[in-house]
Amino acid sequence: MQKVILTGDRPTGRLHLGHYVGSLKNRVDMQNSGDFDEIFIMIADAQALTDNFANPKKVRDNVMEVALDYLACGIDPTKSHIFIQSEVRALTELTFYYMNLVTLSRLQRNPTVKNEIKLRNFETSIPVGFLNYPISQTADITGFKATHVPVGEDQLPMIEQAREIVRSFNNIYGDTLIEPTVVLPKNEVEQRLPGIDGKAKMSKSLGNCIYLSDDEDTITKKVMSMYTDPNHIKVSDPGQVEGNVVFTYLDVFATDADFAKYLPEYKNLDDLKKHYQQGGVGDVAIKKFLNNILQDILRPIRERRENLSQNIESVYNILKEGTKYAQQKCEKTLNEVKQAMKIDYFESDEFLKEMIDKYH
Ligand code: TRP
C-alpha cells in the first residue's frame with residue numbers, strides 16, 4: 001500500500017514555536033526521510049471559516065502567512081504538495097455524504113469540538129458548520145487516501161472520528177476508504193510546548209507565543225520575560241527546574257553542542273540543572289543561553305521567510321500548482337466514493353445499461 005501523508009493548519013495567524021516543535025519539524029523530517037509516496041499539506045481555510053466566517057479577510061491574509069511559514073521551515077514543494085482547502089471542491093462533496101454516517105450526539109461528544117465550543121462561548125448557539133468540522137476533516141484525510149496524519153495530540157479525537165467514519169463507510173458501501181493512523185510528536189513537551197508565561201500551551205489567543213517570523217530583538221525580549229521559578233530571587237537561592245519554562249524549553253532545544261558553544265562551564269543539561277537546583281545560577285544566565293539557542297534555530301527560518309516574501313509570485317505559484325495536483329487526486333477519490341454509493345450516473349454507461357435491462 002502507498003504511504004500518504006495529509007496534514008494541515010487553519011490559517012488564522014502566523015505559526016509559532018509551538019507549531020514548530022509540535023508538528024512542522026516532524027513534517028519536514030518525514031518529508032526528507034523519503035519513506036512516503038505522497039505528501040499533502042493543506043492550508044485549511046474552509047475549516048478556519050467555520051469559526052471565522054464573519055472575518056474572511058483574516059483567513060485570506062493568513063493563507064499566505066502560513067504558506068511562507070511552511071516553506072521557511074523546510075517544506076519542499078518538490079516533495080510536498082501545499083494546497084488551499086477551499087479550492088478542492090471535491091472535499092465539500094465528500095463531507096456531504098459522510099454527514100449521513102455520523103450522529104449529532106457523536107459530534108457533540110467529540111472532546112476537541114466540546115473544548116473548542118467552550119473556548120468560543122458558543123454555548124447553545126453552535127453554528128452547524130463548526131459542529132460539522134470533524135466530518136469535513138475526515139473528507140480532508142480520506143480524500144487523499146492518507147495513511148499517516150501527523151498532528152498535535154489535541155487532534156487525536158478528530159482522527160479517531162475519521163477512523164469511525166471510514167469503517168462505517170466501508171461496511172455499508174464496500175472497501176473504498178483508508179483508515180488513517182495518527183503520528184504524534186515524540187514526547188509530551190513537544191506535544192504541548194508551554195507559552196512564555198508558563199501557561200498550559202503556547203497559543204495566539206493567550207498572547208504567549210514566539211513566532212517563527214519574530215525579529216531578533218523581539219525574541220530576546222520574550223525570552224528575557226519568561227516565567228521561571230518565582231521563589232528563585234537571589235542568584236544563590238536554590239531554584240526549581242520543574243514548571244520553570246526556561247528549563248522546559250532547554251529540555252526541548254538544548255544540545256550538548258550548544259553547551260560547548262555557549263556555556264562550556266557545563267557539560268550538559270543535567271549538569272546545569274543540578275547547579276541551578278543547588279543555587280548559584282542566575283535566571284539571566286539561563287535565559288541568555290536559551291536565547292542564543294533559539295536565535296540559532298529561528299534565524300535561518302526568518303531569513304528564508306524574508307527571501308520568499310520578496311518573491312511572493314513564486315509562493316503563489318507553488319500554492320497554485322499544489323492545489324491543482326490536490327484537486328486531481330481528490331476528484332479521483334470522489335469518483336470512487338460515488339461509485340461505491342451508487343450515485344455515479346454519467347461517469348460510465350453502467351447506469352444506462354442497468355436501466356435498459358430493467359425497462360426493455
Ligand atoms: N484541525 C487542524 C488544526 O486545527 C487542521 C486540519 C484541518 C487538519 N484538516 C485537517 C489536520 C486534516 C490534519 C488532517 O490544526
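## Residue classes and model

Ala, Val, Leu, Ile, Met, Phe, Trp, Tyr, Cys and Pro count here as nonpolar, Asp, Glu, Lys and Arg as charged, and the others, Gly among them, as polar. The structure described is a predicted model, and the classes just given are applied below to the surroundings of the ligand and to two pockets.

## The ligand and its shell

The ligand is surrounded by 13 residues, of which Met42, Gln47, Gln137, Asp140 and Gln155 are the closest. Sorted by class, this shell consists of six nonpolar, five polar and two charged residues.

Three side chains can be singled out for their polar atoms. Gln47 places a polar side-chain atom 2.7 Å from a nitrogen atom of the ligand, and an N or O atom in the side chain of Gln137 is 3.0 Å from a nitrogen atom of the ligand. In the case of Arg10, the partner is an oxygen atom of the ligand, which lies 3.3 Å from a polar atom of the side chain. The ligand taken alone would expose 370 Å², and the protein buries 90% of that area.

## The largest pocket

The ligand takes up space that belongs to the largest pocket. Strand S1 (4-9) and helix H8 (133-143) are the elements that give two or more residues to the shell around the ligand.

The largest pocket holds about 1500 Å³ of space. Its lining is made up of 49 residues, and those closest to the centre of the pocket are His19, Glu116, Asp154, Gln155 and Lys201. Two or more lining residues come from each of S1, helix H1 (17-33), helix H2 (45-52), helix H6 (111-119), H8, helix H9 (156-173) and helix H10 (188-191). By class, the lining of the largest pocket divides into 16 nonpolar, 19 polar and 14 charged residues.

## The second largest pocket

For the second largest pocket the volume is about 420 Å³. The pocket is lined by 16 residues, with Val63, Ile84, Glu87, Tyr316 and Leu319 being the closest to its centre. The elements that supply two or more residues to this lining are H2, helix H3 (56-73) and helix H16 (312-340), and the largest share, six residues, comes from H16.

In terms of the classes set out at the start, the lining of the second largest pocket comprises eight nonpolar, three polar and five charged residues. Helix H2 thus appears among the elements listed for the lining of the largest pocket and also among those listed for the second largest pocket.

How values were computed
Residues are numbered from 1 along each chain as its sequence is written. This is a predicted model: local features need pLDDT of at least 70, side-chain atom pairs count only at pLDDT 80 or more; totals for chains, interfaces and linings use all residues. Side-chain values use heavy atoms; hydrogens and water are left out. A residue is near a molecule or strand if one of its heavy atoms lies within 4 Å of it. A polar contact is a pair of N or O atoms within 3.5 Å; within protein, one must be able to donate a hydrogen and the other to accept it, and residues adjacent in sequence count only if both atoms are side-chain atoms. Accessible areas come from the Shrake-Rupley method with a 1.4 Å probe; for residues, only the protein chains shown count as cover. On a 1 Å grid over the protein atoms alone, a cavity is a set of points where a 1.4 Å probe fits but cannot get out, and a pocket is an open set with protein on both sides within 12 Å along at least five of seven lines; lining residues have an atom within 4 Å of a point. A molecule sits in a cavity or pocket if more than half of its atoms lie within 2 Å of its grid points. Helices (H or I, at least four residues) and strands (E, at least two) are DSSP runs, numbered from the N terminus. Grid points are joined across faces, edges and corners, and a volume is the space filled by probe spheres set on the points.
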